[in-house]
Amino acid sequence: TLSTAVVVTFHVEGPCTPAVNVADVEDAVDINGDPVPPVEDSADVTTAAELPELTLVKTLFAPATGIAAVGETVTYTVRITNTGPNAITRLVITDTYNAACMTYIGSAGFAPTQTSAGQLLWDTLIPPQPPLFSGQGITLTLAFSADVVNPACMNTATVSGVDQFGQPVNPPPSQAPVQIADDADLAVAKYDNPDPVVAGRTLTY
């Protein structure tokens with residue numbers, strides 16, 4: 001009786017249910033040179049991909065005070081980062097804003113594929129852009145005009161994605177309000193007293 005073992009190591013590339021590995025021995029002969037019938041054995045294992053992760057952060061970039069005057073430009077940034085282990089091969093971004101108090105002007109980086117009053121949509125961002133690999137991110141810069149006074153004009157970004165294994169990922173929405181206020185008007189008036197004034201007397205303004 002001969003006993004021997006061979007250790008073979010594999011790298012898991014993705015999910016498989018189940019992954020079957022078959023080993024067989026053929027063309028063996030015994031000590032007398034007689035052929036030995038082939039033998040076969042198998043083992044299976046279920047492999048699973050790690051879950052994808054995305055981080056979504058929407059920030060009011062300008063005005064830095066968080067208060068915009070009517071007619072002023074309001075700028076937001078939207079940052080999506082792949083914080084998981086898998087490549088993101090599909091990415092859809094939606095930006096929803098209060099059209100009653102602001103109007104979309106334009107964007108830098110990537111133009112939305114669809115625009116409507118109160119909503120912007122990027123539904124062909126990835127693809128055609130390359131996959132978003134682990135640690136990589138995309139930033140959108142959006143500009144709006146402040147139109148109507150509002151104590152908290154809200155702007156909300158949402159994102160959904162699919163990784164290389166077809167697994168969905170939907171991080172929580174990210175919001176950034178801005179206060180829109182009346183443009184302040186200032187006036188100045190200067191008075192003197194007494195008027196007229198006698199030489200040597202005190203004149204107050």
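Where is the place of Phe-144? Phe-144 sits in strand 12 (residues 137-146), and the legends below start from an overview before returning to this residue.

**Overview. The chain of this predicted model has 0 helices and 17 strands.** Helices (H or I, at least four residues) and strands (E, at least two) are DSSP runs numbered from the N terminus. The model is predicted: local features need pLDDT of at least 70, side-chain atom pairs count only at pLDDT 80 or more, and totals for chains, interfaces and linings use all residues. Residues are numbered from 1 along each chain as its sequence is written, and side-chain values use heavy atoms, with hydrogens and water left out. Of the 205 residues in the chain, 31% are buried (buried, under 20% relative accessible area; exposed, over 50%; partly exposed, in between; 1.4 Å probe, protein chains only). Among contacts (heavy atoms within 4.5 Å) between residues at least 6 apart in sequence, 68% join residues at least 24 apart. About 13,300 Å² of the chain is exposed, and carbon and sulfur atoms supply 55% of that area; accessible areas come from the Shrake-Rupley method with a 1.4 Å probe, and for residues only the protein chains shown count as cover.

**Close-up 1. Phe-144 in strand 12.** Phe-144 is buried, its relative accessible area being 0%. Leaving aside neighbours within four places in sequence, Phe-144 has contacts that include Val-74, Tyr-76, Asp-95, Tyr-97, Tyr-104, Ile-105 and Leu-120. The C-alpha atoms of Phe-144 and Cys-101 are 9.9 Å apart, with the two positions 43 residues apart along the chain counted as their separation.

**Close-up 2. The salt bridge between Lys-58 and Asp-95.** A search of the whole structure finds 1 salt bridge (a side-chain nitrogen of Lys or Arg within 4 Å of a carboxyl oxygen of Asp or Glu). The closest N and O atoms of Lys-58 and Asp-95 are 2.1 Å apart. Lys-58 belongs to strand 5 (residues 54-62) and Asp-95 to strand 8, so the pair ties together parts that are 37 residues apart in sequence. Lys-58 is buried at 5% relative accessibility, and Asp-95 is buried at 1%.

**Close-up 3. Thr-94 in strand 8 (residues 88-97).** Thr-94 counts as buried, with a relative accessible area of 15%. Beyond the neighbours within four places in sequence, Thr-94 touches Gln-119, Leu-120, Leu-121, Thr-156, Ala-157 and Thr-158.

**Close-up 4. The cis peptide bond between Ala-62 and Pro-63.** Omega is about 5 degrees for this bond. Pro-63 is in the loop between strand 5 and strand 6. Most peptide bonds are trans.

**Close-up 5. A nonpolar surface patch made by Val-70, Val-148 and Val-149.** The patch covers about 200 Å². Patches are made of residues with over 30% relative accessible area and no salt bridge; like charges are joined within 9 Å, and nonpolar side chains (Val, Leu, Ile, Met, Phe, Trp, Tyr) within 5 Å. Val-70 lies in the loop between strand 6 (67-69) and strand 7 (73-82) and is partly exposed, at 32% relative accessible area.

**Close-up 6. A patch of negative charge on the surface.** Asp-24, Glu-26, Asp-27, Glu-40 and Asp-41 form this patch. Asp-41 is in strand 4 (residues 39-47) and is exposed, at 56% relative accessibility. Lys and Arg count as positive and Asp and Glu as negative, with His and the chain ends not counted; the place of a charge is NZ of Lys, CZ of Arg, CG of Asp or CD of Glu.
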